[in-house]
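Me: Please take one part of this protein and look at it closely. Keep it brisk, and tell me how far to trust the model.

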Amino acid sequence: MNKIQTLLGAALIGAAAASAQTPGTLTVTLPANTDTLFLAPVPVADFYGSNRNGAIAGLADTVVVSGQTTYVLDLDPDEALAVIIKPSSNRRSEIVYAAPGETLTVDFTGPVNVMKGSHLVEGISQFNAFTDSVVTAYQALPSTATDAEREALRQSLTDRAFAMAMANKDNSLGMYMTGEIPSWNELMQAFDALGPGAKESFLSPIYARLDNMIARKRAIEAAAEAIKVGLPAPDFSLPDAQGNMVSLSQFKGKWVMLDFWGSWCGWCIKGIPQMKEQWAELKDRDVVFLSIACNDSKDTWLGALAKYDLPWVNVWSDPDTPSSQAVQSVYAVSGYPTKLVIDPQGNIALIVVGEDPSFYDQLRALL
C-alpha cells in the first residue's frame with residue numbers, strides 16, 4: 001500500500017460512518033501520454049509551517065497511471081489539505097486547496113490547467129491563467145521594449161491580485177490572494193482589510209504566516225536605525241548544534257564576522273568554499289566566524305552543517321521565534337547572505353548584504 005492510501009484511506013470502508021464529515025474527492029483528468037502522477041496531500045497547517053519541505057517529502061508519492069485518463073483521490077474527511085499534483089506529461093504542477101468534504105477537479109489536458117469545485121480553487125485557477133498570459137506577453141516583448149512597458153505588465157499582476165483579494169476579503173480566496181500580492185504596500189493594505197471569514201477560514205495558516213512576515217518587516221524597519229557602522233552590536237544568545245547557548249558578548253575583545261545565512265539560500269551555499277578558505281587563514285588572528293542559520297527548521301539546519309562541514313561557530317535562529325525578537329530582525333537583515341564585522345569593542349565595523357567577493361578584502365583591511 002502506498003503512502004497516499006495509508007494517509008487518506010483510499011478504500012474508505014467504514015470511514016464515512018466513523019467520521020463526522022463526508023469524505024471529499026479530487027478527480028484528476030490526465031493527458032493520454034501520462035505514465036506517472038506525483039501526489040503530496042499535505043495538511044494546510046504543515047504546508048505553511050516551518051518545515052514545509054519535510055512535510056512534503058514525508059507524504060509525497062508517485063502513482064503509476066499508464067493508460068488512465070482520470071485518477072480519483074479520496075480526501076481526508078476531517079483535514080484541510082494542500083494537494084500538490086504533477087503528471088509526468090505536464091511541466092507544471094498544481095496545488096489544490098481542499099476543505100474537508102469538498103468535491104474538486106483539476107484538468108491537465110488543455111493549454112492551461114483548470115481547477116473546479118469551489119470558489120477558492122476556481123479563483124486560483126483564473127488567477128493562474130491570467131499570470132500565464134502576462135508571462136507570455138512579457139516574453140513576447142521585443143528587445144526595444146521600454147522599462148515602462150515591462151513595468152506595466154508586472155504591475156498588472158499586482159493589480160489583479162490586489163483586486164481579487166479586496167473583492168474576496170471575507171473568504172478563503174481573499175486570504176489566498178493577499179499572499180500572492182508582490183508589492184508590500186498593496187499586500188499590507190489587503191491584509192489589514194481581511195475579515196473574519198478569511199482569517200478564520202481553513203487557510204488561516206496563511207494569515208499567521210503573513211502576520212509574522214509583516215511583523216518582521218516592520219521590526220526590521222524599526223531596527224535599521226540601530227544597525228549602522230560605529231554603533232554597538234546588539235547582543236544575542238542562540239543555541240549551537242549541541243544545544244549550548246552562544247552569545248555574541250562572549251567574544252568581546254576579538255573581531256567577529258557575523259554571517260546570516262540559510263540552507264535554502266543559493267548564494268549562501270556558493271560562498272561556503274571561499275568562507276572556508278578565509279576561516280583557515282584568519283582563525284589564528286583572533287577572528288571569530290559566527291554563522292547564524294535563519295528560516296531553517298532545526299533538522300534542516302543540522303543536516304546542512306553535516307553536509308557542508310562548517311568548522312566555525314554555528315548557531316540556529318528558531319523560525320518560530322516572534323518576529324520582533326528574532327535576531328535577524330534585530331539586526332535588520334533584509335537579504336541573504338548578510339555579513340557584519342564586529343570590532344573588539346563590540347561595535348559594528350562593516351555591513352555587507354549579498355555574496356560580495358570583496359567582503360574579505362574589506363575585513364582584512366579592518367584587522
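Reply: Start with a term. A polar contact is a pair of N or O atoms within 3.5 Å; within protein, one must be able to donate a hydrogen and the other to accept it. Now to helix 7, in what is a predicted model.

Helix 7 covers residues 172-179. At its start, a side-chain oxygen of Asn171 comes to within 3.0 Å of the backbone nitrogen of Leu173.

Is helix 7 mostly covered or mostly open? Mostly covered: seven of its eight residues are buried. They are Ser172, Leu173, Gly174, Met175, Tyr176, Met177 and Thr178. So Leu173 appears twice: its backbone nitrogen faces the Asn171 oxygen, and Leu173 is buried, because its relative accessible area is under 20%.

What do these buried residues pack against? One partner is a strand, strand 6 (94-98). The others are helices: helix 5 (119-139), helix 6 (147-167), helix 8 (184-193), helix 9 (196-199) and helix 10 (204-223).

For contrast, look at the surface. Val229, Ile351 and Val353 make a nonpolar patch of about 250 Å². Val353 lies in strand 15 (residues 348-353). Val353 counts as exposed because its relative accessibility is 51%, and the cut-off is over 50%.

Now to trust. The protein averages a pLDDT of 90, and 94% of the residues score at least 70. Among its elements, strand 13 (residues 313-316) has the highest mean pLDDT, 98, and helix 2 (residues 15-18) the lowest, 40. Over residues 1-19 the pLDDT is below 50. Where pLDDT is low, do not read the predicted coordinates in detail.

Definitions and conventions: Residues numbered from 1 in each chain as written. Predicted model: local features only at pLDDT ≥ 70, side-chain atom pairs only at ≥ 80, totals over all residues. Heavy atoms only, no water. Patch = residues over 30% accessible without salt bridge, like charges linked within 9 Å, V, L, I, M, F, W, Y side chains within 5 Å. Areas by Shrake-Rupley, 256 points an atom, 1.4 Å probe, with all protein chains shown as cover. Salt bridge = Lys/Arg side-chain N within 4 Å of Asp/Glu carboxyl O. Helix = DSSP H or I, 4+ residues; strand = E, 2+ residues; numbered from the N terminus. Buried < 20%, exposed > 50% of the residue type's maximum accessible area, 1.4 Å probe, protein only. pLDDT = per-residue confidence, 0-100. Contact = heavy atoms within 4.5 Å.
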